[in-house]
Amino acid sequence: MANQEFPLIFERSKEGRTSFNLPALDVPEIDLNQELGDTFVRKTPAELPQVSELEVMRHYTGLSNRNYGVDSGFYPLGSCTMKYNPKINEDVARLEGFSHVHPYQEPEQVQGAMEMLYDLQSSLREITGMYDVTLQSAAGAQGEWTALLMIRAFHLANGDTQRNKVIVPDSAHGTNPASASLAGFDVVSLKTNENGLVDVEDLKKVVGDDTAVLMLTNPNTLGLFEKDIKEIASIVHGAGGKLYYDGANLNAIMGYARPGDMGFDAVHLNLHKTFTGPHGGGGPGSGPVGVTEELAPFLPKPVLVQKEDKYEFDYNRPQSIGRIKPYFGNFGINLRAYTYIRTMGPEGLKKVSEFAVLNANYMQERLKEHYVLPYDQHCKHEFVLSGKTQKKLGVRTMDIAKRLLDFGFHPPTVYFPLNVEEAMMIEPTETESKETLDEFIDTMIAIAKEAEDNPEIVQEAPHNTVLKRMDETTAARKPVLRYQKEQ
Ligand SMILES: *Cc1c(COP(=O)(O)O)cnc(C)c1O
């Protein structure tokens with residue numbers, strides 16, 4: 001797939017060649033200059049490629065083949081849960097009763113769509129063990145921010161104006177401290193202990209009457225279950241703070257453990273991760289938030305409710321933090337998640353967690369002979385290796401990631417979590433076969449061997465992709481997003 005050349009339409013342009021046939025003009029021609037005025041009419045024609053329909057087709061198909069996705073290969077991007085996106089979700093999302101509704105339609109006309117959303121809310125309530133759920137937030141990060149605004153509103157309603165601190169473990173995802181800052185809080189960092197878990201003694205030191213909330217991911221970003229969660233919850237609650245669950249790792253425990261039962265007050269889920277919404281490149285997402293009864297009055301409005309056999313949007317919520325997204329959430333992704341939950345059923349969702357955990361442990365066991373495993377214990381759905389042995393040989397984790405591209409694999413997440421040196425965070429997901437896992441493991445082992453015998457080949461990778469090693473800083477700071485004609 002890599003390095004596949006295809007005709008570029010600008011280079012193929014031939015004067016006068018077109019991809020369309022327009023019928024002859026059967027209305028009077030207008031004078032554009034007269035209609036639009038001099039300023040709006042371009043003086044020189046746009047430099048567009050002149051090509052046939054087939055060439056346009058090949059151009060776009062060629063571009064799409066350069067893309068890499070779950071449908072083309074193994075995608076072990078830790079924390080992102082890049083699982084297979086079942087195609088039945090797409091069929092359901094295209095049913096006219098769903099795809100042709102408009103958010104401005106009267107509720108009486110769209111009861112079916114509202115029922116679907118309400119059922120999804122109910123399923124998510126059951127899966128998380130929370131009292132109520134909003135589907136408005138369009139991503140995990142927005143869910144975090146939404147919940148933090150609700151928790152702030154709760155503290156303020158209780159006259160607790162001094163609670164301005166959010167505690168975040170040093171292994172947390174970057175969106176946690178970012179959401180906390182955006183919601184107007186100060187961030188306090190919490191240490192990880194030698195077992196890769198929250199340092200409970202450190203927590204006791206930082207928690208206090210200025211604590212608004214502790215944000216936790218469980219299992220955490222090292223793929224380890226915070227087994228002291230009950231004690232953690234009682235420490236935070238004892239100080240009057242709230243406990244927030246970053247649900248990005250729910251794929252490890254679905255059907256086995258519920259954040260509501262662990263003592264969490266608010267939860268976000270990433271439907272595009274755990275519940276198979278296709279994602280990547282920044283969207284589309286859905287990050288519903290579940291809360292306890294105590295926080296429910298602060299939910300974003302309108303709140304979708306059931307009254308007798310009708311579904312309604314309730315705007316009469318005086319304590320609500322208000323609307324946080326236009327319309328009613330990312331409808332298409334919510335619908336896909338709903339389809340997934342209904343296709344799997346409760347037993348199916350439990351199996352998902354079982355296989356996700358089994359796959360990760362299998363890979364961890366085989367790979368730990370070749371890469372450092374800083375926290376050597378059973379993992380949940382993902383695990384984090386360190387490339388520090390390879391670094392001593394001059395091969396960085398970034399080089400290993402680039403070398404994987406040569407073998408047709410998407411690399412794992414690298415340099416995250418921040419508390420592991422030269423981190424590689426691997427999440428296989430439950431949908432991969434043992435053969436695929438073995439192919440990836442064997443490739444990782446081969447690269448570890450190359451690092452010893454022939455480090456240059458790893459340091460200079462990738463060798464057979466369309467573009468070679470990029471200057472990542474310039475690519476991020478000054479991206480060239482448009483075709484540029486060679487001079
Ligand atoms: C993906 C992720 C987030 C953020 O979720 P988005 O949907 O990408 O905004 C937060 N925390 C963790 C642990 C994640 O993996």
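Which residues are around the ligand? Keep in mind that you're looking at a predicted model, then pick the ligand and bring up its surroundings.

**Stop 1: the ligand**

Select Ser-79, Ala-139, Gly-140, Ala-141, Glu-144, His-173, Thr-175, Asp-246, Ala-248, Asn-270, His-272 and Lys-273, and you have the residues around the ligand. Color them by class and you'll get three nonpolar, six polar and three charged residues in that shell.

Now show distances. Start with Asp-246: a polar atom of its side chain sits 2.5 Å from a nitrogen atom of the ligand. Move to His-272, where a side-chain N or O atom is 2.7 Å from an oxygen atom of the ligand. Then click Lys-273, which has a side-chain N or O atom 2.8 Å from a ligand oxygen. Put a surface on the protein here too: on its own the ligand has 380 Å² of accessible area, and the protein covers 88% of that.

Which helix gives the most to this shell? Highlight residues 140-157, helix α7, which supplies three residues.

**Stop 2: helix α6**

Next, select residues 111-128, which make up helix α6. Try the ruler on the C-alpha atoms at the two ends: they're 25 Å apart. That agrees with expectation, because 18 residues at 1.5 Å a residue should span 26 Å.

Which residues of α6 are buried? Turn on side chains for Gln-111, Ala-113, Met-114, Met-116, Leu-117, Tyr-118, Leu-120, Gln-121, Ser-123, Leu-124, Ile-127 and Thr-128. As you look along the axis, remember that an α-helix has 3.6 residues a turn, so residues three or four places apart point the same way.

Zoom in on Thr-128, which is part of α6. Is Thr-128 buried or exposed? Its relative accessible area is 2%, and buried means under 20%, so Thr-128 counts as buried. One polar atom of the Thr-128 side chain lies 2.7 Å from the backbone oxygen of Leu-124. Step just past the helix to Gly-129, which takes a positive phi of about 75 degrees.

**Stop 3: a three-stranded sheet**

Now for some strands. Select 383-386 for β10 and 413-414 for β11, then add residues 423-426 for β12. What is the strand order here? The sheet is open, runs β10-β12-β11 and pairs in the antiparallel sense. Both β10 and β11 are edge strands, each pairing on one side only.

If you switch on hydrogen bonds, recall that strands of a sheet pair through backbone hydrogen bonds, either parallel or antiparallel. Here's what to look for:

- Between β10 and β12 there are four bridges.
- Val-384 is across from Met-425 of β12.
- Ser-386 has Ala-423 of β12 as its bridge partner.
- Between β11 and β12 there are two bridges, again antiparallel.
- Thr-413 has Met-425 of β12 as its bridge partner.

So which way do the side chains of β12 go? In a regular strand the side chains alternate between the two faces of the sheet. In β12, Ala-423 and Met-425 point one way while Met-424 and Ile-426 point the other way. All four are buried.

**Stop 4: a parallel pair**

For a contrast in direction, select β2, residues 165-169, and β3, residues 186-190. These two strands run parallel and are joined by five bridges. Lys-165 is the residue to click, with Asp-186 of β3 standing opposite. Strand β2 is mostly covered, with four of its five residues buried.

**Stop 5: two more helices**

Jump to helix α12, residues 331-367, and find Gln-364 in it. Gln-364 is buried, with a relative accessible area of 2%. Draw a distance from its C-alpha to that of Val-466: the two residues are 102 apart along the chain, and their C-alpha atoms are separated by 31 Å.

Finish at helix α17, residues 472-477, and click Thr-474. How exposed is Thr-474? It's partly exposed, with a relative accessible area of 38%. Its side chain makes a polar contact of 2.6 Å with the side chain of Asp-471. For a last distance, go from Thr-474 to Gly-283: they are 191 residues apart in sequence, and 23 Å apart in space from C-alpha to C-alpha.

Definitions and conventions. Residues are numbered from 1 along each chain as its sequence is written. This is a predicted model: local features need pLDDT of at least 70, side-chain atom pairs count only at pLDDT 80 or more; totals for chains, interfaces and linings use all residues. Side-chain values use heavy atoms; hydrogens and water are left out. A residue is near a molecule or strand if one of its heavy atoms lies within 4 Å of it. A polar contact is a pair of N or O atoms within 3.5 Å; within protein, one must be able to donate a hydrogen and the other to accept it, and residues adjacent in sequence count only if both atoms are side-chain atoms. Accessible areas come from the Shrake-Rupley method with a 1.4 Å probe; for residues, only the protein chains shown count as cover. Ala, Val, Leu, Ile, Met, Phe, Trp, Tyr, Cys and Pro count as nonpolar, Asp, Glu, Lys and Arg as charged, and the others, Gly among them, as polar. The expected span of a helix is 1.5 Å times one less than its number of residues. Buried means under 20% relative accessible area, exposed over 50%, partly exposed in between (1.4 Å probe, protein chains only). Two strands pair if DSSP finds at least two bridges between them.
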